[in-house]
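Q: I have a structure open and want to learn to read it. Can we go through it feature by feature?

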Amino acid sequence: MSAVTQLPAAYEGEWRLPSRGRVAMFGLITGESAIFTIFVVAYVFYIGKSLSGPMPRQVLEVPIFGTICLLSSSFTIWMAERAIARNRVTAFALWLGGTICLGLIFLGGTAIEWHKLIYRDGLTISTNLFGTTYYSLVGLHATHVIIGLLMLTIVFTFALMRKVSQQHAERIAVLSMYWHFVDAVWVVVFTVVYIIGR
Amino acid sequence: MGENSLPLPGSMDVAQPRGTARTVLENLHEWVVTVDHKRLGVLYVLYGIFFLLVGGAEAVAIRIQLAVPHNHFMSAQTYNRFFTMHGTTMVFLVGMTIIFGFANYLVPLQIGARDMAFPRLNAFSFWLTAFGGLLLYYSFIGGGGLYGVGSAPDVGWWAYAPLTARAFSPGHATDYWALALIVTGFGTLGTAINIIATVFSMRCKGMTMMRLPLFTWLMLVDSSLTLITITPLTAAQFMLLVDRYLDGHFFDTQAGGSAVVWMHFFWIFGHPEVYVLVLPAFAIANEVIPVFSRKAIFGYPAMVAASVAIAFISLSVWAHHMFTVGMTSFSNAFFVLSTELVGIPTGIKIFNWLATIWGGKIRFATPMLFCIAFLFQFMIAGLTGIMLSIAPWNWQLHNSYFVVAHFHYVLVGAIVFCIFAGIYYWYPKVTGRMLDETLGKWHFWLFLIGFHVTFDTMHFVGILGMPRSIYTYEPDRGWNTLNFVVSAGGMVQGIAVLIFAFNMVWSYYRGKPAGNDPWDAWTLEWYTASPPPVYNFAQDPVVRSRRPLWDLKHPEDPDWEYEG
């Protein structure tokens, strides 16, 4: 064994590393994308393969309003992010509250849509192949919206208690990455379910 | 088998001796609540070795059943359960846990960090994986369900539809299987994200991406591949549960669903999974071979590029498991060619390892022996892989023992051999004591002989037409002697693994003290004490080359003068 002394103590130049929160969220989004890809592929593959009704064209209505709300929530959370980066806590709470409201409106829209599908059209997850793939894919996305809303609500509660400040800006930025992802997935789900699949 | 010859996780304290003696309960409590990456790494590996013995016992039982024709050692039902549990255990509870154990322990040390990026997520991921394993094995007790039918899952580790439908798999065995894999899958996802974040964001000063030790580089590639490999399986398992519990129709052919879709989804996971398991084996070889050849690794950038290439190509080869399903000629041709493409980056790696050994001053210690065997065996496994990738050849041999021989050549001949190499190499760092070399040589030679007797012979049984997954066979097929030889080899491997388990325990108490750097190695983990203190490094290290300890030991001829 050679005599081990000391490694150099000083490093010349600047040493910068990426934020671990952002890297990890990016990893999570990559993994989640793979899950969604499988469900989307299953949906696309099974379009028109149902042996019995009801068929998508007969029962699906395009949820324009909910979609607009969800997509605008990406804008409001971006504004919230900007506000907290400048330490404007009240503005942050307002924009965040707006984001949560928009998310809730979207979820409400899904609830009304599902209620109509189940009770008026008699389409459940076990009715036919369309029902199985539709409820799984839209339900998987809605689950992600709910998880996102829970996290946003926790942050909102802290904001109301005045426990959030500029030092949390990075964490909020990471959370908003997740929310943007949920929105982006909706664009895919919307296209596949309500445009291609109808 | 000797499951009980190993200490329980937790009773083995590798931390620095403290002044006051602590009770067993206090020790155990510390291990359960720990968020230290080194302790979690040890827990992962011990957990994996425990299940290696369980899965090995299942393999031994399978081989006893097949040793002679018309054997009644176990029923057809039990046999199906055993090969299902053997496969599932070895892939998810042994392979994944041991490789992530290595990554957990070594990645922060190699990059000069004090812990993983998210220590609590790390503990959470381990316990998810651990309880997933318990859930799978609980099926032996709980799988019967209200109907009192079935016990452990018996659908094969690939679980093809429609065998998994409620009509054909009543009871809860299949549900335990699906839920256990979802739970361990989330654990794996958490760890993979953690490793990626650690490598990108926790490096010590001077540790640029092109100075990362190759072990860490490959673990980064491996974790990235895991992100998009495990998740499709999780998605498919959710679909299976929707089918089983909510009367869905994903894989229900009577309602327009498709059983082939399950096959695609399973192998979209299943084939990259092989690379998820083998990349860490390469990672270990990348550390062991240079140190025991006394040369820096040959072609560092090429090794990194080849690993990334393997990860990418592995995503486009899955349907070579499905040539006999009846795909279009175009699909067949595509998957033949994409599969053969994997041979190029793997070939680059083999040549680089050979070039590293070439002209080196080789020390034939146990880790190096395992790595040399790995090189030969992985070569052969690659060649039979190329044979099987050719569609017409595959039509002939699909689902025969030739396929079983091929993938065991990869999983045992490459991965298990490298894992053993890794354990012999890093055990001194973890415990502060060397594993016994004499026992190690016995372990190596017995395991090598047992391995070749079993799996070389298995190729011939396969070519003679013996299908896999059958619980017995007629005496007039000409498979009797060969099967007996295969089984005998299996027993030799079993004995070798028991020697290894004994060595692990014996050396922990009686082994030669190791010191910080017993192998005269070059990466940062050998810079700190053995076992490393909780905080790893008293001072954050700073590095200037790929081999910081070489620079230290040879200030007259440091690496950083040559690296660009």
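Q: What percentage of the 198 residues of chain A count as buried?

A: One caution before the numbers: this is a predicted model. To judge burial, count neighbours: a residue is buried if 20 or more other C-beta atoms lie within 10 Å of its own. In chain A, 36% of the 198 residues count as buried.

Q: Which elements make up chain A, and in what order do they run?

A: Walk along the chain from the N terminus. Chain A has six helices and zero strands. Its elements run α-α-α-α-α-α.

Q: How does the radius of gyration of chain A stand against that of a compact globule?

A: Set the chain beside a globule with its number of residues. For 198 residues, a compact globule would have a radius of gyration near 16 Å. Chain A has 22 Å. Now look at the box: along the principal axes, the C-alpha atoms of chain A fill roughly 75 × 55 × 20 Å.

Q: What share of the contacts in chain A with a separation of 6 or more comes from residues 24 or more positions apart?

A: Here you look at positions along the sequence. Among contacts with a separation of 6 or more, 85% are between residues 24 or more positions apart.

Q: Why does the span of helix H5 of chain A agree with what it should be?

A: Use the rise of 1.5 Å a residue. Helix H5 of chain A covers residues 129–160, which is 32 residues, so it should span 46 Å. Its end C-alpha atoms are 46 Å apart, so the two agree. After H5(A) comes A:Arg162, with a positive phi near 60°.

Q: What span does helix H6 of chain B reach, and what is expected?

A: Apply the rise again. H6(B), residues 214–245, has 32 residues and reaches 45 Å from first C-alpha to last. The expected value is 46 Å, and the helix comes close to it.

Q: Where does H6(B) bend?

A: Follow the helix axis. H6(B) bends by about 30° at B:Thr226. Beyond the helix sits B:Asp247, whose phi is positive, near 60°.

Q: Is H6(B) mostly covered or mostly uncovered?

A: Count its buried residues. They number 28 of 32, so the helix is mostly covered, given the cut-off of 20 or more C-beta atoms within 10 Å.

Q: How many residues does each chain bring to the contact?

A: Count each side separately. Chain B brings 43 residues and chain A brings 35. On the side of chain B that touches chain A, H6(B) gives the largest share, nine residues. By type, that side of chain B divides into 27 nonpolar, nine polar and seven charged residues.

Conventions. Residues are numbered from 1 along each chain as its sequence is written. Chains are lettered from A and ligands numbered from 1 in the order in which they are written. This is a predicted model: local features need pLDDT of at least 70, side-chain atom pairs count only at pLDDT 80 or more; totals for chains, interfaces and linings use all residues. Helices (H or I, at least four residues) and strands (E, at least two) are DSSP runs, numbered from the N terminus. The expected span of a helix is 1.5 Å times one less than its number of residues. The bend at a residue is the angle between axes fitted to the seven residues ending there and the seven starting there. A residue is buried if 20 or more other C-beta atoms lie within 10 Å of its own, exposed if 12 or fewer, and partly exposed in between; C-beta atoms are placed from the backbone. Two residues are in contact if their C-beta atoms, placed from the backbone, lie within 7 Å. Ala, Val, Leu, Ile, Met, Phe, Trp, Tyr, Cys and Pro count as nonpolar, Asp, Glu, Lys and Arg as charged, and the others, Gly among them, as polar. The radius of gyration is taken over C-alpha atoms; the globule rule is 2.2 Å times the number of residues to the power 0.38.
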